[in-house]
Amino acid sequence: MLNNKWFACATLALAAVATGCSSTGDKNANGSAEAVKPTTPSQGSAAAAPSGKTSVTTPASTQSIVYFDFDSSDLKPESKDVVAAWAKYLTANPTAKAQLQGNTDERGTREYNLALGERRSAAVSSALQSAGVAASQLELTSNGEEKPVALGHDEASWSQNRRVEIVGQ
Amino acid sequence: MLNRLLVACLAFASLAVQADLDITVVGGAKRAQPIAVVPFSQGPGQPADVAAIVAADLDRSGQFLALARNDMKGFDPLPTSEPQVDYRTWRALGQEALVIGNVQALPGGGAKTVAELYDVFRTQKILTVEATATRPTEWRSMAHKVADQIYEKLTGTRGVFDTRIAYITSMQVSGRRQFKLIWADADGENPREIARSFEPLLSPAWSPDGKRIAYVTFEGGRSKIIIQTPATGDYVTFLGEKGINSAPAWTPDGSRLVVTLSFQKNSDLYVIDVATKSRRRLTDSFAIDTSPTVSPDGRTVAFLSDRSGSAQIYTMSIDGGEAKRLTFEGRRNEQPRFAPDGKTLALVNYDASGYRIGLVDVASGVMRLVSSGPLDEGPSFAPNSAVVIYTRQGGSGAELATVSTDGSVRQRLRHTGDVREPAWAPYAKP
């Protein structure tokens, strides 16, 4: 229960950050309202909303997070739909770009986790490029363990934090 | 013991208004030495009660048990000079050491303290201490200098009371998480803000002269390395390459920083000249290389690499060449930090008990674990190499803890919010 509350706060905070950053283009300014729906807690909040200007639209936020095992940057089989959806969108829209934001859980040191988050971004980048996406469409960043979406100190929280968020630019 | 706790609680209550960190001694295997620090002869309304600060310092070290002032009521007057010292009565009170002193206020708000340390059993004076302040804000520091010299005389180890610690706090502020880089005295008093951001701050590292601090900020959404002079607030964005900019570690002469950059594919170490920013790549591996620390002789870099498949500590020459694996115990080892004396390396060890602080004897490679985990990280040595401060996960969030390198004395340092990433500053140069 406490975790859920924390999670809602974290989601709100992330949504606020995501909204605040979307100052350059045609992003949906109301994205944050949708992102805090309690029924979809395990999905990320930072994904951009569809712009509606292209034939293949940005995948939904539910299709924008890739999860990882502890201390691993190997893509899991269940991530293939997310990668496929973004590969489809980015290959159909060669001028579109996506940011791959790598994140880790709190275990281990902050400096190592910064590097591990980047390695996870690189793993998603490789998968997208294998599916035909141009490297120039992808920007890799890492937040390390600094931007958790769940604040508990247990596997239930950790598993949500070990992720790459794909954010349309 | 109960008395001791009460004394400690009272002391904290009276200091809580100013302090940024609440410090408690949570364990001491060694017998603490009873010491009486008699109120010094000083005028009313002065900036600090010097003897009270000396007593609190010694008590907080865990190695001394300072006699409460209430237990000194039988003395009338309390001694402030050698002829007034009545060894038999202090011995009857169980005291082994006695400190008396005088504080003379100087024009301009400064002061001079002269204190004397007595061995109660040998019935003799064993040390005379002098310390000065040039303005009111230096009175606490003057008191810490007195405590440092008493501590060194009685333990053989240089004191760290007159030193400073930087750390990062994180608190919810109107729905957002705010990060602050703070700089406070080693007793948690006199906190001053170095930086604040709604983006994460991490990896503070003091320059060897203690005048500058390098740290990582995510301000603007990406990692950057800042070098700042806390006394003036002046700062420069030192590195802001594409990808990761992290883990700054100074060379002992302060001329270079070893850092982690990832703009050439993945996390590798680079040696950067602080004045010219000219850089040399130190590692070039497909693996993660990060968390460098430079030995006090300036020749060796120890760092984390997962080139073997899991994170372990390696060492190599700062001029480059082969890396040699240092750690083999536990599943992982991270975040090495050389002690200022170069003999020991602190690190974060991971095994079935979680993440704990380990101390590796550099010569033999033997590791001792000195914390209980399960989420400990961020070790930083005190400048006397005898104490390590680190981050642990407490009941109400991240807090700091210290442990003496012999494992005998432990403190917890709590903040109202999360507090972490401690960096103990070097001794100030005279």
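In this predicted model, chains A and B touch, and the contact takes 20 residues from chain A and 30 residues from chain B. Several strands of chain B supply two or more residues each to its side of the contact. They are β8 (176-185), β10 (201-206), β14 (245-250), β18 (289-294) and β22 (332-338). The chain B side that touches chain A is mixed in character: 14 of its residues are polar, 11 are nonpolar and 5 are charged.

Take chain A next. It has 169 residues, and 46% of them count as buried. Its elements are 5 helices and 4 strands. Along the sequence they follow the pattern α-α-β-α-β-α-β-α-β. Now consider the contacts in chain A between residues at least 6 apart in sequence. Of these, 69% join residues at least 24 apart.

Now to the interior. Nonpolar side chains tend to be buried together in soluble globular proteins. The largest nonpolar core here has 121 residues. Seven of chain B touch the most other members: B:Ile35, B:Val37, B:Val50, B:Val54, B:Leu58, B:Val99 and B:Ala166. Helix α4 of chain B, residues 139-155, gives the most to this core, with 8 residues. The core also draws on two domains of chain B. Domain 1 (31-155) and domain 2 (164-424) each provide at least three residues.

B:Val99 gives a view from inside this core. Which residues is B:Val99 in contact with, leaving aside its neighbours within four places in sequence? They are B:Ile35, B:Val37, B:Val38, B:Val54, B:Ala115, B:Leu117 and B:Ile150. Another core, of 19 residues, lies apart from the largest one. Among its members are A:Val83, A:Trp86, A:Ala123 and A:Ile166.

Turn to the strands of chain B. Strands of a sheet pair through backbone hydrogen bonds, either parallel or antiparallel. One open sheet has 4 strands, in the order β9-β8-β7-β30, and its pairing is antiparallel. Strands β9 (192-197) and β30 (418-424) of chain B stand at the edges. Each has a single partner strand, so one side of each is left without a neighbour in the sheet. Neighbouring strands of this sheet are turned by 20° against each other on average, direction ignored.

Look closely at one pair in that sheet. Strand β7 of chain B spans residues 164-173 and is joined to β30(B) by 5 bridges. The two run antiparallel. Within this pairing, B:Ile165 has B:Trp424 in β30(B) as its bridge partner.

Further along chain B comes strand β23, residues 344-351. Is it enclosed or open? Of its 8 residues, 7 are buried, so β23 is largely enclosed by the rest of the structure. β23(B) pairs with β22(B) in the antiparallel sense, over 5 bridges. Here B:Arg332 stands opposite B:Tyr350 in β23(B). The two strands form a hairpin with 5 residues between them. In the turn, B:Gly342 has a positive phi of about 75°. β22(B) also links back to the start of this tour, as one of the elements giving two or more residues to the side that touches chain A.

β23(B) has another antiparallel partner, strand β24 (residues 354-361) of chain B, and 8 bridges join the pair. B:Val348 stands opposite B:Ile357 in β24(B). These strands too form a hairpin, with 2 residues between them.

Definitions and conventions:
Residues numbered from 1 in each chain as written. Chains lettered and ligands numbered in written order. Predicted model: local features only at pLDDT ≥ 70, side-chain atom pairs only at ≥ 80, totals over all residues. Core = buried A, V, L, I, M, F, W, Y, C linked by C-beta atoms within 7 Å. Buried ≥ 20, exposed ≤ 12 C-beta atoms within 10 Å, placed from the backbone. Domains from an automatic or database assignment. Contact = placed C-beta atoms within 7 Å. Nonpolar A, V, L, I, M, F, W, Y, C, P; charged D, E, K, R; others polar. Pairing = 2+ DSSP bridges. Axes fitted to C-alpha atoms, helices over the stretch in contact; angles between N-to-C directions.
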